[in-house]
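Here are two short exercises on a predicted model. Work through each task before reading its solution.

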Amino acid sequence: MNRKENALIALKGGVPEWVPCWFNDYELMFVSPMGERPPLGESKGYDAYGVHLTASATAGGAFTPTPSVPPVLTDITQWQEQVHFPDYDNIDWENAYKKDEGAFHWDRENKVQDMFCANGLFERMHYLMGFEDALCALYEEPEAAKELIEAIADTKIKLIRHALKIYKPDVFTFLDDYAHQNGLFMSIDMFREFFKPHLKRIRDAVKEEGVLFKIHCCGNMEKLTREYIDIGVDAVDPVQSMNDIVAMKKLLNGKVGIV
């Protein structure tokens, strides 16, 4: 059994022969047309939604909205006029794949190919309009918020249907943080109302392509465990130490991998 085979057992909720390590057993499958960050090699710049991002040392080098640049979305009721969505239907995906594969030389035989999609539904929403305003919008303009979240999900699904056919990853990781160190950013009822139905749509689109679906959520997110089972995710990461990991494993009961 090689590293990939062992890691796939854990991804599917089974008991591997040894504990897999993401840094040794996985490869990040970079997709240049995804547009969730500035061009490769740049430490700052615009993403495909028009949000100016800067690599942040406090976020471990991850890209976050540049504080000095005003948000794209200043009024959620005007999202149709103010938000630019990437046009995934008019990209030469085969040529993009050839360039990316030539640059990264993925080891498909020995390592799990993990396609990361940063800035999920809630993350993309607050990247567009700011964290506090995004949370307030769920209360103050719920219908406009639902419309925007649906449009973001539709765009992610277009990406999935194009990219997964060409790049053929083993797992698609959808990054969408809903929690801080002590709990969720919103009530569980609000998660169910605004985000859960569209996470299920995204999961279904991934599974239609025969790819495993892994969801990433930092923080104390154990209250989402039953929601993730209901959505039908294959695995969850990173399940940090502030969660009751033993209780989560009992609840998941091999239905969902913890990686």
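**Exercise 1: two packed helices**

Helices α4 and α7 are oblique to each other, and the task is to show why.

Solution.

Step 1. Locate the pair. Helix α4 spans residues 93–104, and helix α7 spans residues 142–167.

Step 2. Take the geometry. The two helices pack at an angle of about 55°, and their axes lie 10 Å apart.

Step 3. Classify the angle. Angles under 35 degrees count as roughly parallel, and 65 to 115 as roughly perpendicular. The angle between α4 and α7 is about 55°. The pair is therefore oblique.

Step 4. Add the hand. α4 and α7 make a right-handed crossing.

Step 5. List the residues that meet. From α4 come W93, E94, A96, Y97 and D100. From α7 come L159, H162, A163, I166 and Y167.

Step 6. Sort the residues of this contact by class. Seven are nonpolar, one is polar and two are charged.

**Exercise 2: a pocket and its lining**

Describe the second largest pocket: which elements supply at least two residues of its lining?

Solution.

Step 1. Start with size. The second largest pocket has a volume of about 200 Å³.

Step 2. Count the lining. It is made up of 13 residues. Nearest the centre lie G13, G14, K249, V256 and I258.

Step 3. Assign elements. α10 (245–252) and β11 (257–258) each supply at least two lining residues. α10 gives the most, with three.

Step 4. Sort the lining by class. Seven residues are nonpolar, five are polar and one is charged.

Technical notes: Residues numbered from 1 in each chain as written. Predicted model: local features only at pLDDT ≥ 70, side-chain atom pairs only at ≥ 80, totals over all residues. Heavy atoms only, no water. Axes fitted to C-alpha atoms, helices over the stretch in contact; angles between N-to-C directions. Helix = DSSP H or I, 4+ residues; strand = E, 2+ residues; numbered from the N terminus. Parallel < 35°, antiparallel > 145°, perpendicular 65-115°, else oblique. Left-handed = near helix turned anticlockwise from the far one by under 90°. Contact = heavy atoms within 4.5 Å. Nonpolar A, V, L, I, M, F, W, Y, C, P; charged D, E, K, R; others polar. 1 Å grid on protein atoms, 1.4 Å probe; cavity = no way out; pocket = protein on both sides within 12 Å on 5 of 7 lines; lining within 4 Å. Points joined across faces, edges and corners; volume = space filled by probe spheres on them.
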